[in-house]
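Please look over the sequence and the model shown here before reading on. The report is meant for someone meeting this structure for the first time.

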Amino acid sequence: MSWILALHSSSSVLGVGLRDLEAAAGTGATDRLQEFPLGRELSGSLLNCVEAVLPASRWRRLARLAVATGPGGFTGTRLTVVLARTLAQQLQIPLQGVGSFLLMARRLQLERPTWLVQELPRRGVVAGLYGPDGAVLGGMAERLAPRLYADPQALHALEPEAPVVAAEVVVRQDVSQLLDLAALAQQLSLPAPWEPVLPHYPTGPVPA
């Protein structure tokens, strides 16, 4: 049990990552990262894509799972979270759920509290506040969880000094961040029960 599998579907491209902890520790072997531009075909292709990276016959070798919990598309995020929860339950291994905006914040190496913002035409913006914090796993904290703001000016009222940066998924790099966090949690033997891991839907389907 030395592998970590990571799933990311917060955009139209499914990202699947695999890390062999023993190989990484011994030889510096690189991760296996693959992108699948599935769009709305995710529901019928998800399992096939995962097996293209790690066949089901080898799933018993997984030590930990990791999944991006959104914000993202309603169907895509839900499907990967459900699959990750099911595998974690059946294999009885930890499941690391990480917000997709937090993965971006780590990739961007934010040095101060910063708004990550995704514009939604005619609806407003989805925004979350992130910044460095040495007390949390990986050193980057979600200070305000992403939610929908009808008026972008509300961000300045909440945190007037924080800059605003566009929230854009970079699949391979964000999956790599997801693997890094899961590997760190595995190294520290941190518990990660599957039950609390849920998709994050700041835009619906139930209005705020």
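What follows describes a predicted model, beginning with its nonpolar cores and going on to its pocket, a helix and some backbone details.

## Nonpolar cores

In soluble globular proteins, nonpolar side chains tend to be buried together. The largest nonpolar core of this model has 27 residues, and the members that touch the most others are L5, L7, L14, L62 and L65. At least two residues of this core come from each of the strands β1 (3-8), β2 (14-20) and β4 (62-68), and likewise from each of the helices α2 (42-53) and α3 (74-91). Helix α3 supplies the largest share, with six residues.

Separate from this set there is a second core, made up of 25 residues, and among them are A66, F101, V175 and L178.

## The largest pocket

The largest pocket encloses about 260 Å³ of space. It is lined by 15 residues, of which S11, S12, G39, R40 and G76 are the closest to its centre. By character, the lining divides into nine polar residues, five nonpolar ones and one charged one.

Two elements, α2 and α3, each give two or more residues to this lining, and α3 gives the most, with three residues. Helix α3 therefore appears in both descriptions, since it has the largest share of the largest core and also gives the most to the lining of the largest pocket.## Helix α6

Helix α6 runs over residues 171-187, and its 17 residues should span 24 Å at 1.5 Å a residue, which agrees with the 24 Å that separates its end C-alpha atoms. An α-helix has 3.6 residues a turn, so residues three or four places apart point the same way. The buried residues of α6 are V171, D174, V175, Q177, L178, L179, L181, A182, A183 and A185, and of these V175 and L178 are also included in the second core. Just after this helix, S189 takes a positive phi of about 55°.

## Backbone details in the loops

Most residues other than glycine have a negative phi, and most peptide bonds are trans. Against that background, the bond that joins G70 and P71 is a cis peptide bond, with omega at about 10°, and P71 lies in the loop between β4 and α3.

Which residues in loops have a positive phi although they are not glycines? One of them is Q109, with a phi of about 50°, in the loop between α4 (100-108) and β6 (114-120); because its relative accessibility is 61%, Q109 counts as exposed. Another is R122, with a phi of about 65°, which has its place in the loop between β6 and β7 (124-132) and is exposed, with a relative accessible area of 85%.

## Two buried residues

Is H8, in strand β1, buried or exposed? With a relative accessible area of 0%, H8 is buried, and its side chain reaches the backbone nitrogen of S10 at 3.4 Å.

M104 lies in helix α4 and is likewise buried, with a relative accessible area of 3%. Along the chain, M104 and A145 are 41 residues apart, and their C-alpha atoms are separated by 13 Å.

Note on methods:
Residues numbered from 1 in each chain as written. Predicted model: local features only at pLDDT ≥ 70, side-chain atom pairs only at ≥ 80, totals over all residues. Heavy atoms only, no water. Core = buried A, V, L, I, M, F, W, Y, C linked by side-chain atoms within 4.5 Å. Buried < 20%, exposed > 50% of the residue type's maximum accessible area, 1.4 Å probe, protein only. Helix = DSSP H or I, 4+ residues; strand = E, 2+ residues; numbered from the N terminus. 1 Å grid on protein atoms, 1.4 Å probe; cavity = no way out; pocket = protein on both sides within 12 Å on 5 of 7 lines; lining within 4 Å. Points joined across faces, edges and corners; volume = space filled by probe spheres on them. Nonpolar A, V, L, I, M, F, W, Y, C, P; charged D, E, K, R; others polar. Expected span 1.5 Å × (residues − 1). Polar contact = N/O pair within 3.5 Å; in protein donor to acceptor, adjacent residues only side chain to side chain.
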